[in-house]
Structures are given as C-alpha cells and as structure tokens.
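Hi,

Here is the structure I promised to pass on. Have a look at it first, and then read on for what I found in it.

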Amino acid sequence: MREQTVFLAHDDTPFSTAFECKQHEAKLAGKTYICPACEGKATEHGDDIVESREDEDATAWGGQFASPVYRDVVVGHKVVPCSVCDGYGWTDHQKIPVTKQVRTGWADVQS
Ligand SMILES: [Zn+2]
C-alpha cells in the first residue's frame with residue numbers, strides 16, 4: 001500500500017496534480033486559455049518584502065565601537081493574485097502582450 005494524493009475537481013473528477021485539477025476546473029468555467037502572465041499559477045510577484053538587516057561590512061568599517069549600520073534588503077516578494085487572469089490561472093480569451101508607446105498590458109486576441 002502506498003499513499004496517493006488525489007486532487008478532486010468541483011465535478012468530482014480526480015487528478016494526480018493540482019495543476020491538472022485547476023486546469024480542468026478552469027475549463028468547466030469556460031476558461032480554456034492558459035494565462036500567459038502567470039502560466040496557470042494564478043499568482044504573481046507583488047511588492048518587495050523589505051527587511052532591515054545589519055550591514056556587517058559597513059559596521060566593521062566603522063571600527064569596534066561603531067554603532068551598527070542597517071540597510072534595507074529585499075528578502076522576497078509578496079504573492080498576490082495574478083492581475084491578468086484575476087487569480088484564475090486561465091482566461092476565457094487568449095491574451096497577447098500589448099506594448100505601445102505609453103501603455104503596456106494585455107489584450108484579448110480578436111478572432
Ligand atoms: Zn494569470
């Protein structure tokens with residue numbers, strides 16, 4: 001016997017991976033195009049997570065009795081729902097990147 005993890009979709013169809021399960025549910029919802037921005041992950045990098053860390057080199061440079069020098073260091077990113085697919089991972093229209101002189105973003109492909 002071995003343990004098996006199964007992901008059940010809304011309609012009780014079992015899938016072996018969360019990705020396939022989410023893809024199936026997206027299709028049920030009529031969203032058949034994978035989101036080009038997050039590639040189905042449904043999340044994107046949000047703001048930087050910044051922490052104040054001691055800069056040991058700079059502290060040492062100040063000598064033995066110097067007060068510690070702190071610098072803001074980016075330690076990661078907040079994870080936020082994807083803005084292109086509204087956190088779904090899939091979209092009901094195919095999206096293409098739009099790069100114009102001023103505006104950038106995503107638009108539906110005209111069929
Ligand atoms: Zn997305």
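One definition before anything else: a residue counts as buried if 20 or more other C-beta atoms lie within 10 Å of its own, and as exposed if there are 12 or fewer. Take G89 as the example: G89 has 22 other C-beta atoms within 10 Å, so G89 is buried. Please keep in mind throughout that this is a predicted model.

**Confidence**

The mean pLDDT of the chain is 86, and 98% of its residues reach 70 or more. Among the elements, strand 2 has the highest mean pLDDT, at 94, and helix 2 (residues 56-61) the lowest, at 79. As a general caution, where pLDDT is low the predicted coordinates should not be read in detail.

**Overall shape**

The chain has 2 helices and 8 strands, and along the sequence they come in the order β-β-α-β-β-α-β-β-β-β. The radius of gyration is 22 Å, whereas a compact globule of 111 residues would have one near 13 Å. Along the principal axes, the C-alpha atoms fill a box of roughly 65 × 60 × 15 Å. Buried residues come to 8% of the 111 in the chain. As for how contacts are spread, take those between residues at least 6 apart in sequence: 51% of them join residues at least 24 apart.

**Around G89 and the core**

Back to G89, which sits in the loop between strand 5 and strand 6. Which residues does G89 touch, leaving aside neighbours within four places in sequence? They are K22, A26, C35, C38, G40, K41 and A42. The A42 contact is worth finding on your screen: G89 and A42 are 47 residues apart along the chain, yet their C-alpha atoms are separated by 4.0 Å. Seen from the other side, and again not counting residues up to four places away, A42 touches P81, C82, C85, G87, Y88 and G89.

A42 also belongs to the largest nonpolar core, which has 7 residues in all. The other members are A26, C35, C38, C82, C85 and W90. In general, nonpolar side chains tend to be buried together in soluble globular proteins. Three of the names in this core, A26, C35 and C38, will be familiar from the contacts of G89.

The loop that holds G89 also holds S83, between strand 5 (70-81) and strand 6 (90-91). Is S83 buried, exposed or partly exposed? S83 counts as partly exposed, because it has 13 C-beta neighbours inside 10 Å. The C-alpha atoms of S83 and M1 are separated by 43 Å, with their positions 82 residues apart along the chain.

**The end of helix 1**

L28 lies in helix 1 (residues 18-28). With 12 other C-beta atoms within 10 Å, L28 is exposed. Beyond residues up to four places away in sequence, L28 touches H10 and D11. L28 and K41 are 13 residues apart in sequence, and the distance from C-alpha to C-alpha is 17 Å.

**Two positive phi values**

There are two residues whose backbone you may want to look at. D12 has a positive phi of about 65° although it is not a glycine, and E39, also something other than glycine, has a phi near 55°. D12 is in the loop between strand 1 (7-8) and strand 2 (14-15), while E39 is in the loop between strand 3 (33-34) and strand 4 (43-54). D12 is exposed, because it has 6 other C-beta atoms within 10 Å. E39 is exposed too, with 11 such atoms.

**Strands 7 and 8**

Last, the pair of strands 7 and 8. Strand 7 (residues 95-99) and strand 8 run antiparallel and are joined by 5 bridges. Where does K95 find its bridge partner in strand 8? The partner of K95 is D108, and T99 stands opposite T104. Of the 5 residues of strand 7, the number buried is 0, so strand 7 lies largely in the open. Strand 8 (residues 104-108) lies largely in the open as well, because 0 of its 5 residues are buried. If you are following the side chains there, remember that in a regular strand they alternate between the two faces of the sheet.

Cheers

Conventions: Residues numbered from 1 in each chain as written. Predicted model: local features only at pLDDT ≥ 70, side-chain atom pairs only at ≥ 80, totals over all residues. Helix = DSSP H or I, 4+ residues; strand = E, 2+ residues; numbered from the N terminus. Pairing = 2+ DSSP bridges. Core = buried A, V, L, I, M, F, W, Y, C linked by C-beta atoms within 7 Å. Contact = placed C-beta atoms within 7 Å. Rg over C-alpha atoms; globule rule 2.2 N^0.38 Å. pLDDT = per-residue confidence, 0-100.
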